[in-house]
Amino acid sequence: MPAAAVSSSLLLPPVAKPLKPPSSVPIRTLSLRPVPAPLSARSRLLGHFPIRAAVHIDKEIPENERLDTCLFSADGPDSPAPIRVRFEKMIREVQEEVCAALEAADGVGKFREDVWSRPGGGGGISRVLQDGAVWEKAGVNVSVVYGVMPPEAYRVAKGKTGIGCGDSAVNAGPVPFFAAGISSVLHPKNPFAPTLHFNYRYFETDAPKDSSGAPKQWWFGGGTDLTPAYIFEEDAKHFHRVQKQACDKFEPSFYPRFKKWCDDYFFIKHRGERRGLGGIFFDDLNEYDQELLLGFSTECAKSVVSSYIPIIERRKNAPFTEQHKAWQQLRRGRYVEFNLIYDRGTTFGLQTGGRIESILVSLPLTARWEYGHQQPEEGSEEWKLLDACITPKEWI
């Protein structure tokens with residue numbers, strides 16, 4: 001949204017003009033005229049049925065500058081929804097911190113920033129550093145969006161798909177929602193430097209349109225995970241140690257629970273292997289106090305720089321061969337497969353007509369798929385990585 005419900009696609013910014021409160025998007029109906037005789041078998045089967053057009057999140061409008069907030073006009077320090085205000089403040093601070101650290105590590109590349117707004121409510125800031133000295137592609141996006149979404153998108157956001165899944169009330173009509181998140185994928189050039197993904201989000205829904213009695217719901221989601229092409233134990237241990245330290249500040253059960261959740265979520269079913277070495281991942285989390293979960297999400301997001309930049313500094317200038325680069329390209333192919341086939345955030349973004357550049361910013365500039373590629377020789381460095389992806393390991 002998986003990166004989740006708001007993950008890959010919903011990354012938003014400040015807007016250049018005041019935003020109106022979310023308005024309801026009506027369902028449009030197209031009536032088909034009866035087909036004159038003689039009727040084909042297909043026509044007899046279809047008959048005269050109304051067609052329900054999909055309700056989608058409004059298309060973005062490019063903006064030249066950003067405001068201090070893109071929340072509801074009613075939201076503020078004394079509003080009844082301060083979690084929204086503080087979460088937006090947090091993700092924008094983290095975007096600044098992470099981008100500054102990445103530019104410092106690169107030494108050459110600079111982030112390009114695109115600011116956009118949505119007529120229905122909200123906006124986003126997309127930042128991408130491409131073809132730098134260290135980063136092939138690094139994207140760090142924030143978003144705050146609200147309005148209504150179709151029932152099928154709600155089921156994707158909740159991790160439930162198929163007819164009849166989820167609350168029956170949700171099937172009644174469009175669901176008013178609020179979603180805020182930061183999402184990032186960092187692809188270094190050096191095959192010994194690992195890819196990093198992190199995403200933290202807050203989601204709310206109100207009673208679905210045309211339904212009665214459905215309660216308001218909220219949840220937090222996110223995580224940080226490491227995807228190397230080659231394993232260095234000191235890197236893996238450092239990364240997981242920082243994740244555990246962030247978790248332990250709030251609940252001792254968080255790290256083992258969310259570490260396993262991460263291993264299970266980033267699983268490429270058709271390959272029978274994980275995308276990488278994992279980290280932490282959680283979604284639809286609302287069984288704890290909102291304040292605790294806001295603090296936990298903040299701690300995890302603020303830990304990204306300390307968990308990752310030391311690894312990059314150790315590996316960014318390591319010498320490598322064409323063989324090392326070819327293996328990195330193959331592993332990136334696995335990354336692409338997971339994101340396009342299984343990731344809930346990508347699915348949610350595509351189903352709701354989100355900003356395609358933000359949805360697919362997670363994909364690397366280059367990747368490789370070799371027909372009939374042979375598995376690496378047992379005991380080789382490539383085999384060690386594959387073995388860890390097939391059988392998750394405890395690093396601390």
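In which strand is A180 found? Select that residue first, and the viewer should take you to strand 7, which spans residues 175-188. Bear in mind throughout that this is a predicted model, so every value given along the way is computed from predicted coordinates. A180 has a relative accessible area of 1%, and is therefore buried. Add G122 to the selection and draw the C-alpha to C-alpha distance, which comes to 9.2 Å for two residues that lie 58 residues apart in sequence.

**Helix 2 and its partners**

Next select residues 82-106, which form helix 2, and colour R84, which lies in this helix. Is R84 buried or exposed? With a relative accessibility of 10%, R84 counts as buried, because the cut-off for that class is under 20%. From R84, extend a distance line to Y202, whose C-alpha atom is separated from that of R84 by 8.0 Å, although the two residues are 118 apart along the chain.

Keep helix 2 displayed and bring in helix 6, residues 290-302, whose axis is 10 Å from that of helix 2 and packs against it at an angle of about 5°. The two helices are therefore roughly parallel to each other. To see the contact itself, show side chains on I83, R86, F87, M90, E93, V94 and E97 in helix 2, which meet Q290, E291, L294, S297, T298, A301 and K302 in helix 6. Sorted by class, the residues of this contact comprise six nonpolar, three polar and five charged.

Now hide helix 6 and select helix 7, residues 304-315, in its place. The axes of helix 2 and helix 7 come within 11 Å and cross at roughly 10°, so that these two helices are also described as roughly parallel to each other. On the helix 2 side, pick E97, V98, A101, L102 and A105, and on the helix 7 side V304, V305, I309, I312 and E313, which they meet. Here the residues of the contact divide into eight nonpolar, no polar and two charged. E97 deserves a label of its own, since E97 is listed in the contact with helix 6 and again in the contact with helix 7.

**Helix 4 against helix 5**

Move to residues 233-248, helix 4, and add residues 254-265, helix 5; their axes are 8 Å apart and the helices pack at an angle of about 130°. That angle makes helix 4 oblique to helix 5, and the crossing of the two is right-handed. Display H240, Q243, K244 and C247 of helix 4 together with F254, Y255 and K259 of helix 5, the residues that make the contact. By class, this contact has three nonpolar, two polar and two charged residues.

Leave K259 selected and add E394, which is 135 residues away along the chain while the C-alpha atoms of the pair are separated by 9.1 Å. E394 is placed in the segment after helix 11, and with a relative accessible area of 61% this residue is exposed.

**Helix 11**

From E394, step back to helix 11, residues 381-390, and colour its buried residues, which are E382, L385, L386, A388 and C389. Around the axis these residues cover an arc of only 160°, which puts them on the same side of helix 11. What do the buried residues of helix 11 pack against? Selecting strand 11 (273-274) and helix 8 (322-341) shows the elements against which they pack.

**Two aspartates with positive phi**

The tour ends with a pair of backbone details. Centre on D131, in the loop between strand 5 (122-130) and strand 6 (135-149), and check its phi, which is near 55°, a positive value in a residue other than glycine. A relative accessible area of 54% makes D131 exposed.

Then go to D284, which is placed in strand 12, residues 278-285. D284 has a positive phi of about 55° although it is not a glycine. At 22% relative accessibility, D284 counts as partly exposed.

Note on methods: Residues numbered from 1 in each chain as written. Predicted model: local features only at pLDDT ≥ 70, side-chain atom pairs only at ≥ 80, totals over all residues. Heavy atoms only, no water. Axes fitted to C-alpha atoms, helices over the stretch in contact; angles between N-to-C directions. Helix = DSSP H or I, 4+ residues; strand = E, 2+ residues; numbered from the N terminus. Parallel < 35°, antiparallel > 145°, perpendicular 65-115°, else oblique. Contact = heavy atoms within 4.5 Å. Nonpolar A, V, L, I, M, F, W, Y, C, P; charged D, E, K, R; others polar. Buried < 20%, exposed > 50% of the residue type's maximum accessible area, 1.4 Å probe, protein only. Left-handed = near helix turned anticlockwise from the far one by under 90°. Arc of directions from axis to C-beta.
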